[in-house]
Amino acid sequence: MRNTWQSKVAALLVSVVGLFGFGSAVAQDYTFGWNPRSGDVWVDTWLGDMNRYGSRYRDPFVDEMVRYHGAPRDLVTDLLVNRRWAPGDVYFACALASVLGRPCRYVVDVWERDHAQGWGAVAKNLGIKPGSPEFHRLKKGLVPSYDRWGRNITLDADLQRDFPGRGKGPQGKATSKGGGPDKAQGAGNVKPKAASAQGKAQGASSKGQGQGKGQSQGQGQGGKGKDKGNGNGK
C-alpha cells in the first residue's frame, strides 16, 4: 500500500515538473546548470524566460546577439549547440561585454572560469556592480530585445520610470509609447493616412474639374452674346 502511494506521488511530481518545464529536462541539460544569481530578481526571472525562447527560437535569438551586442555568430552558435550554454547565460555574457566595451568572448572565458560565483559577482569583478548605473543600463537593454522578439515582458517599478506610459496592450502584450509592439501596431495607421491623403487629392481633382466645367460653360455662354455671359462662367 505504501509503495503504491509513493508511486502515485512520484508520478505527480514528474507531471508537475513536465508541466512547468523545469528540472532535469531544462537545467541539467546546460553545462553549468541554471543559477544566474545576477543580484537582481527581475533580471534572473527574464533570463530564465530567455532559456525557453532561445531554445525554441534559436535563429532570432542568435540574430539579436549578433546585431545588437556585437557577438560573433559562430561564437553564439557554438555556445548554444556545442558547449550547451543556457541562452540566458549567453545573453547576459554578451550584454555585459557590450556595456563593458569588451568582446563577448572575453566575458565568456571569465564565466567559464568563475560561473560558480554567479553573474552578480562576475559582473562586480569586471567593474559593474549590481545596482550601479551601468548594471541598470544592462538591465534596461532586456526590454528592447523582448520588443524586437515580439515577446511579452513585465516591467518592475525600477524600469517603469525608464518607460513611462508603458502598460498592457491588446491580448496582454506589453506596449509603450516609444517603440516595441506599440510602434509595430502604429505602423498600421499608415494606410488610413494614405487613404485620407488620396481622398483629399481626389476631392481637389473633382473641385478642379467642376471649376473647369463652369468655366467652359461660362465661356460658351459668353460667345453667344454679351448679355448672357462674360466668358468667366458667371
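## Helix H9, an enclosed helix

In helix H9, the buried residues are Leu 142, Val 143, Ser 145, Tyr 146, Asp 147 and Trp 149. Buried here means under 20% relative accessible area, exposed means over 50%, and partly exposed is in between (1.4 Å probe, protein chains only). Helices (H or I, at least four residues) and strands (E, at least two) are DSSP runs, numbered from the N terminus. Since six of the eight residues of H9 are buried, this helix is largely enclosed by the rest of the structure. Just after H9 comes Gly 150, with a positive phi near 70°.

You are looking at a predicted model, in which local features need pLDDT of at least 70 and side-chain atom pairs count only at pLDDT 80 or more, while totals for chains, interfaces and linings use all residues. Residues are numbered from 1 along each chain as its sequence is written, and side-chain values use heavy atoms, with hydrogens and water left out.

## The chain as a whole

Let's step back for a moment. The protein chain has 12 helices and two strands. Following the sequence, the pattern reads α-α-α-α-α-α-α-α-α-α-β-β-α-α.

Of the 234 residues in the protein chain, 32% are buried. Contact means heavy atoms within 4.5 Å. Taking the chain's contacts between residues at least 6 apart in sequence, 51% join residues at least 24 apart.

## The nonpolar core

How many residues does the largest nonpolar core have? The number is 43, and the residues with the most contacts inside this core are Trp 42, Phe 61, Val 90 and Tyr 91. A nonpolar core is a set of buried Ala, Val, Leu, Ile, Met, Phe, Trp, Tyr and Cys residues joined through side-chain atoms within 4.5 Å. Many helices take part: helix H2 (41-56), H3, helix H4 (73-81), helix H5 (87-100), helix H6 (104-114), H7, H8 and helix H9 (142-149) each bring at least two residues to this core. The most comes from H5, which gives nine residues.

## Phe 61 and its neighbours

Phe 61 is a good residue to look at next. Phe 61 sits in helix H3 and is buried, its relative accessible area being 0%. If residues up to four places away in sequence are set aside, Phe 61 touches Met 50, Tyr 53, Gly 54, Leu 80, Pro 87, Val 90, Tyr 91 and Trp 149.

One of these partners, Pro 87, is 26 residues from Phe 61 in sequence, and the two C-alpha atoms are 8.3 Å apart in space. Another pair to find is Thr 45 and Gly 88: they are 43 residues apart in sequence and 9.8 Å apart in space, C-alpha to C-alpha. Thr 45 belongs to helix H2 and, with 44% relative accessibility, counts as partly exposed.

## Where H3 meets H9

H3 and H9 have axes that come within 11 Å and cross at roughly 130°. Axes are lines fitted to C-alpha atoms, for helices over the stretch in contact, and angles run from 0 to 180 degrees between N-to-C directions. H3 and H9 are therefore oblique to each other, as angles under 35 degrees count as roughly parallel, over 145 as roughly antiparallel, 65 to 115 as roughly perpendicular and the rest as oblique.

Which residues make the contact between H3 and H9? From H3 come Pro 60, Phe 61, Glu 64, Tyr 68 and His 69, and from H9 come Ser 145, Arg 148 and Trp 149. Glu 64 deserves its own look. Glu 64 lies in helix H3 (residues 58-69), and its 3% relative accessibility makes it buried. Leaving out residues up to four places away in sequence, Glu 64 touches His 69, Ser 145, Arg 148 and Trp 149.

## Stops in the loops

Two arginines in loops are worth finding. Arg 37 is placed in the loop between helix H1 (2-20) and H2, and its phi is near 45°, a positive value in a residue other than glycine. With 33% relative accessibility, Arg 37 counts as partly exposed. Arg 84 is in the loop between H4 and H5, and its phi is also positive, about 55°, although Arg 84 is not a glycine. Its relative accessible area of 45% makes Arg 84 partly exposed.

A last stop is Ser 132, in the loop between helix H7 (119-125) and helix H8 (133-140). Is Ser 132 buried or exposed? Ser 132 is buried, at a relative accessible area of 13%.
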